[in-house]
Amino acid sequence: MIFRQLFEPVSSTYTYLLGCEQTGQALLIDPVLPAWERDLAALNALSLKLACTVETHVHADHITAALRLKRETASRIAYPGRSGAPCADLHLEDGRELRAGGVALMPLYTPGHTDDHFCYLVEGRVLSGDALLIDGCGRTDFQNGDAATLYRSVRERLFTLPEDTLVYPAHDYQGRRVSSIAQERSRNPRLGEGRSLDQFLAIMRELELPYPKFIDHAVPGNRQCGVCPSEITDDLKQYCEQMEASPQG
Ligand SMILES: [Fe+2]
């Protein structure tokens, strides 16, 4: 399997490109609107054809490039079934594999950050979305998030995976790229082995995070598979405009 981790700096999002070397079919997990041209260039450089874009959940911090990439490549759009997004071509369910050539993606229902959240297992890796971040986790105070539910998702569904499973999160704000189940189990400061449910609930309650500045545009835009608002203030335009080409591509 071809595997690439691509970083988008406006929302600090990692997009994952998975490709089948035999058939040339590819998947993109959590593509981000400002970076759709980068994603196309990466696919072309590897002679891959995009079969499907896949969301871990309806995002609140960026707008997906799913619809744009569908227009460019005729790719299909997969969303978690529970998101109920009518724009999606495929609605994923827990335990029902999504295949692109020889690449098999296994959805793992992991609510708590949102109530539609899936992680995806693929070849010794878990693409952990916003459920489990490196030394952290996604917030649980919007979109039907629930801290106790997230605790159970991580402890019961992720921390029971083989301990050498690599953890690839949807975000990192400090340049970290990959972890493992063993590492998160032993030292995640919120969810690691020493933390009880009550301790986790207190940690999440005390975060006092600011209201997300793009959520009011992102959630409705993502429920339409990636539509930018027609009216947007200057400071938010970066979420919709194409990002600068970088030497890393
Ligand atoms: Fe999220």
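**Entry 1: strands and partners**

I begin with the term I need: two strands pair if DSSP finds at least two bridges between them. I also remind myself that this is a predicted model.

With that settled, I looked up Tyr120, and I found that Tyr120 stands opposite Leu127 in strand 10. Strand 9 and strand 10 (residues 125-129) are antiparallel and share three bridges. I then followed the chain from one strand to the other: they make a hairpin with two residues between them, and Glu123 in the turn has a positive phi of about 45°.

Next I checked the other partner of strand 9. Strand 8 (residues 103-109) pairs with strand 9 in the antiparallel sense, over four bridges. Here I noted Met106, which stands opposite Leu121 in strand 9.

How many of the five residues of strand 9 are buried? I found that four of them are, so to speak for strand 9 (residues 118-122) as a whole, it is mostly covered.

I went back to Leu127, this time looking towards strand 11. Leu127 stands opposite Tyr168 in strand 11. Strand 10 and strand 11 (residues 166-169) run parallel, with four bridges in the pairing.

**Entry 2: the sheet around strand 9**

I stepped back to see the whole sheet. Six strands form it in the order 7-8-9-10-11-12; the sheet is open and its pairing is mixed. Strand 7 (98-100) and strand 12 (179-180) are at the edges with a single partner strand each, so one side of each has no neighbour in the sheet.

A general point I keep at hand: in a regular strand the side chains alternate between the two faces of the sheet.

**Entry 3: another sheet**

I then turned to the strands numbered from 1. Six strands form an open sheet in the order 1-2-3-4-5-6, again with mixed pairing. Which strands stand at its edges? I found strand 1 (2-8) and strand 6 (90-92), each with a single partner strand, so one side of each is left without a neighbour in the sheet. Neighbouring strands of this sheet are turned by 25° against each other on average, direction ignored.

Helix 2 (residues 66-73) packs on this sheet and touches strand 3 (25-29), strand 4 and strand 5. I noted that the direction of helix 2 makes about 160° with that of strand 4.

Strand 4 (residues 49-54) and strand 5 (residues 76-80) run parallel and are joined by three bridges. In this pair I picked out Val54, which stands opposite Ala78 in strand 5.

**Entry 4: helix 6**

Strand 5 came up again when I looked at helix 6, since what covers the buried residues of this helix includes strand 5. The buried residues of helix 6 (residues 215-223) are Ile215, Ala218, Val219, Gly221 and Asn222. After the helix comes Cys225, with a positive phi near 70°.

**Entry 5: a loop residue**

I looked for Ser12 and found it in the loop between strand 1 and strand 2 (13-19). Is Ser12 buried or exposed? The cut-off for buried is under 20% relative accessible area. Ser12 has 12%, so it counts as buried. Leaving out residues up to four places away in sequence, Ser12 touches Phe7, Ala170, His171, Asp172 and Tyr173.

**Entry 6: the largest pocket**

Last, I looked up the largest pocket, with a volume of about 720 Å³. Of the 34 residues that line this pocket, Asp61, Arg139, His171, Tyr173 and Leu209 are the closest to its centre. I sorted the lining by class and got 15 nonpolar, ten polar and nine charged residues. His171 and Tyr173 were familiar names by then, as Ser12 touches both.

Key
Residues are numbered from 1 along each chain as its sequence is written. This is a predicted model: local features need pLDDT of at least 70, side-chain atom pairs count only at pLDDT 80 or more; totals for chains, interfaces and linings use all residues. Side-chain values use heavy atoms; hydrogens and water are left out. Buried means under 20% relative accessible area, exposed over 50%, partly exposed in between (1.4 Å probe, protein chains only). Axes are lines fitted to C-alpha atoms, for helices over the stretch in contact, and angles run from 0 to 180 degrees between N-to-C directions. Contact means heavy atoms within 4.5 Å. On a 1 Å grid over the protein atoms alone, a cavity is a set of points where a 1.4 Å probe fits but cannot get out, and a pocket is an open set with protein on both sides within 12 Å along at least five of seven lines; lining residues have an atom within 4 Å of a point. Grid points are joined across faces, edges and corners, and a volume is the space filled by probe spheres set on the points. Ala, Val, Leu, Ile, Met, Phe, Trp, Tyr, Cys and Pro count as nonpolar, Asp, Glu, Lys and Arg as charged, and the others, Gly among them, as polar.
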